[in-house]
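Subject: the structure I promised you

Hi,

Here is the structure we talked about, so open it up next to this email. Below I go through what turned up, helix by helix.

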Amino acid sequence: FMAYRLSSKLFIQIGRNIRKVREKQNRTQEDVSGEAGIEMSYYSKIERGEANPSLEVMYSIIKALHIKSSDILPF
């Protein structure tokens, strides 16, 4: 049994997609992270692809952006 490990490239792509949506909505990182209930520094790391967010955190961000998961997930 081999555990499936998500590549850092995937996190970078997801982060870019989140940033694009946020900027298209003319919202700040502070606004989205506050609505998602996470620290802005952590949210910033997610956008840069430097964090490995849990599904719970991803769900919170998706809800804060008022989008579907398919809008940011490249799979």
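Before the angles start, one definition: a helix axis here is a line fitted to C-alpha atoms over the stretch in contact, and the angle between two axes runs from 0 to 180 degrees between their N-to-C directions. Also keep in mind that this is a predicted model.

**α1 against α3**

Let's begin with this pair. α1 and α3 pack at an angle of about 115 degrees, and their axes are 7 Å apart. Angles from 65 to 115 degrees count as roughly perpendicular, so that is how α1 sits relative to α3. On the α1 side, the contact is made by Phe 11, Gly 15, Arg 16, Ile 18, Arg 19 and Arg 22. On the α3 side, Tyr 43, Ile 46 and Glu 47 take part. Sorted by class, the contact of α1 with α3 has four nonpolar, one polar and four charged residues.

**The buried side of α3**

Which residues of α3 are buried? In this helix, which covers residues 40-47, they are Tyr 43, Ser 44, Ile 46 and Glu 47. They span an arc of only 155 degrees around the axis, so they lie on the same side of α3. Here is a bit of background that helps with this: an α-helix has 3.6 residues a turn, so residues three or four places apart point the same way. What do the buried residues of α3 pack against? They pack against α1 (8-24), α2 (29-36) and α4 (55-65). After α3 comes Gly 49, which has a positive phi, near 75 degrees.

**Ala 51, between α3 and α4**

Move on into the loop between α3 and α4 and you will find Ala 51. Is Ala 51 buried or exposed? The cut-off for buried is under 20% relative accessible area, and Ala 51 has 10% relative accessibility, so Ala 51 counts as buried. Leaving out residues up to four places away in sequence, Ala 51 touches Phe 11, Tyr 42, Lys 45 and Ile 46. If you want to try the distance tool, go from Ala 51 to Lys 20: they are 31 residues apart in sequence and 17 Å apart in space, C-alpha to C-alpha.

**α4 and its two sides**

Now for α4. Its buried residues are Val 57, Met 58, Ile 61, Ile 62, Ala 64 and Leu 65. Because they cover an arc of only 165 degrees around the axis, they are on the same side of α4. Turn to the other side of α4 and you get Leu 55, Glu 56 and Tyr 59, which are exposed. The buried residues of α4 are covered by elements including α1, α2 and α3.

**α2 against α4**

How do α2 and α4 pack? Their axes are 8 Å apart, at an angle of about 120 degrees, and α2 and α4 are therefore oblique to each other. The crossing of α2 past α4 is right-handed. Val 32, Glu 35 and Ala 36 in α2 meet Ser 60, Ile 61, Lys 63, Ala 64 and Leu 65 in α4. By class, the contact of α2 with α4 has five nonpolar, one polar and two charged residues.

**A few single residues to click on**

- Asn 17 is in helix α1. With a relative accessible area of 14%, Asn 17 is buried. Not counting its neighbours within four places in sequence, Asn 17 is in contact with Ile 72 and Pro 74.
- Asn 26 is in the loop between α1 and α2, and at 73% relative accessibility Asn 26 counts as exposed. Its phi is positive, near 55 degrees, in a residue other than glycine.
- His 66 comes just after α4. His 66 is not a glycine, yet has a positive phi of about 60 degrees. At 61% relative accessibility, His 66 counts as exposed.
- Ser 69 is in the segment after α4 and is partly exposed, with a relative accessible area of 35%. Ser 69 and Tyr 59 are ten residues apart along the chain, and their C-alpha atoms are separated by 7.9 Å.

Have fun clicking around!

Definitions and conventions:
Residues numbered from 1 in each chain as written. Predicted model: local features only at pLDDT ≥ 70, side-chain atom pairs only at ≥ 80, totals over all residues. Heavy atoms only, no water. Buried < 20%, exposed > 50% of the residue type's maximum accessible area, 1.4 Å probe, protein only. Helix = DSSP H or I, 4+ residues; strand = E, 2+ residues; numbered from the N terminus. Arc of directions from axis to C-beta. Contact = heavy atoms within 4.5 Å. Parallel < 35°, antiparallel > 145°, perpendicular 65-115°, else oblique. Left-handed = near helix turned anticlockwise from the far one by under 90°. Nonpolar A, V, L, I, M, F, W, Y, C, P; charged D, E, K, R; others polar.
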